[in-house]
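Please look over the sequence and the model shown here before reading on. The paragraphs that follow take one residue as their starting point and then move outward through the strands.

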Amino acid sequence: TDYTIADGVTETQFKLTNNGEPLAGYMATFSPSAKVKMKVSYPGYYTAGSTVESRAANANNVVLAKLRTTKQAAAYEAATGEKVLYATNGSFFDDKLVARGHIIMEGNVLQPGFHTVQEPYFALLKNGEYAIRDYTEPYYDVQEAIGARHWLVRDGKNVVTYGEDDEHATLVTYVH
C-alpha cells in the first residue's frame, strides 16, 4: 500500500510472511523533485538551543548511545525549528544497541565506519547528490551518512549472500 507523505515523498507498506509469521515492512521513496532534506540523527547531537557551530564543536564529545527514533526526531525539531516529515531506524546496532558503521551529520564525522565494521554506507554528498559507497571510499565530500549492513545489489547484480543476518537486511536503493 502506498501513502503520499508530501509532494514527491511516498511511503510503501509491505505485508509479508516469514515461515507463516506476519511481518510488516516499510519503504520511503523520494523523487528528485521532492523539496526535502535527508538528515542523519544521533542521540545528543541535536539539542535544544544548539547551532550548526556548537554541534560541530561538540561532535567529538557525543556519546554513542541508544534513543528512540521519535525522541531523536523531536530533538532535531527542537534544535533546528524544522519539521521532521519521515523518520526511520537506520544502520545496525551492536549488542549494546550502539550504531555500527559510518555516522556523519552536517559534515561532522561522529563515527567513521571502517573503525567499527567494514560495511557500506548511504551518503548525501555536499553537492546534493546521493551515493551508496563501500566503507573504504573517502568521506571528505559527505554531508550526511549512515552505515548499511551489506550490499544487496551492486553494479546491477544481486550480491546477497545468505546467512545468519538475512532477517536484518536493510534496503537502501539509489537510482540514477
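**A walk through the predicted model**

Leaving aside residues up to four places away in sequence, N108 touches Y45, R55, A56, A59 and I103, contacts that are read here from a predicted model. The residue lies in strand 5, which covers residues 108–111. Because its relative accessibility is 15%, N108 counts as buried, the cut-off for that class being under 20%. A further spatial relation is that between N108 and E144, whose C-alpha atoms are separated by 8.2 Å although the two residues are 36 residues apart along the chain.

The strand that holds N108 belongs to an open sheet of 5 strands, in which the order is 5-4-8-6-7 and the pairing is antiparallel. Strand 5 and strand 7 (130–133) stand at the edges of this sheet, and each has a single partner strand, so one side of each is left without a neighbour in the sheet. On average, and with direction ignored, neighbouring strands of this sheet are turned by 25 degrees against each other. Towards the strand 7 end of the order, strand 6 (residues 121–125) pairs with strand 7 in the antiparallel sense over 4 bridges, and within this pairing Y121 stands opposite R133 of strand 7.

Turning to the N-terminal strands, one finds strand 1 (residues 2–6) paired with strand 2 (residues 9–18) in the antiparallel sense over 4 bridges, with Y3 standing opposite E11 in strand 2. These two strands form a hairpin with 2 residues between them, and G8, which is in the turn, has a positive phi of about 85 degrees. Strand 2 also pairs in the antiparallel sense with strand 3 (residues 21–30), here over 10 bridges, and T17 stands opposite P22 in strand 3. The hairpin of strand 2 and strand 3 likewise has 2 residues between the strands, and in it N19 takes a positive phi near 55 degrees.

How far these details can be read depends on the confidence of the prediction. The protein averages a pLDDT of 80, and 86% of the residues score at least 70. Among its elements, helix 1 (residues 52–58) has the highest mean pLDDT, at 94, whereas strand 9 (residues 153–154) has the lowest, at 78. Over residues 168–176 the pLDDT stays under 50, and for this stretch the model has 13 contacts beyond four places in sequence. Where pLDDT is low, the predicted coordinates should not be read in detail.

How values were computed
Residues are numbered from 1 along each chain as its sequence is written. This is a predicted model: local features need pLDDT of at least 70, side-chain atom pairs count only at pLDDT 80 or more; totals for chains, interfaces and linings use all residues. Side-chain values use heavy atoms; hydrogens and water are left out. Buried means under 20% relative accessible area, exposed over 50%, partly exposed in between (1.4 Å probe, protein chains only). Contact means heavy atoms within 4.5 Å. Two strands pair if DSSP finds at least two bridges between them. Axes are lines fitted to C-alpha atoms, for helices over the stretch in contact, and angles run from 0 to 180 degrees between N-to-C directions. pLDDT is the predictor's confidence in each residue, from 0 to 100.
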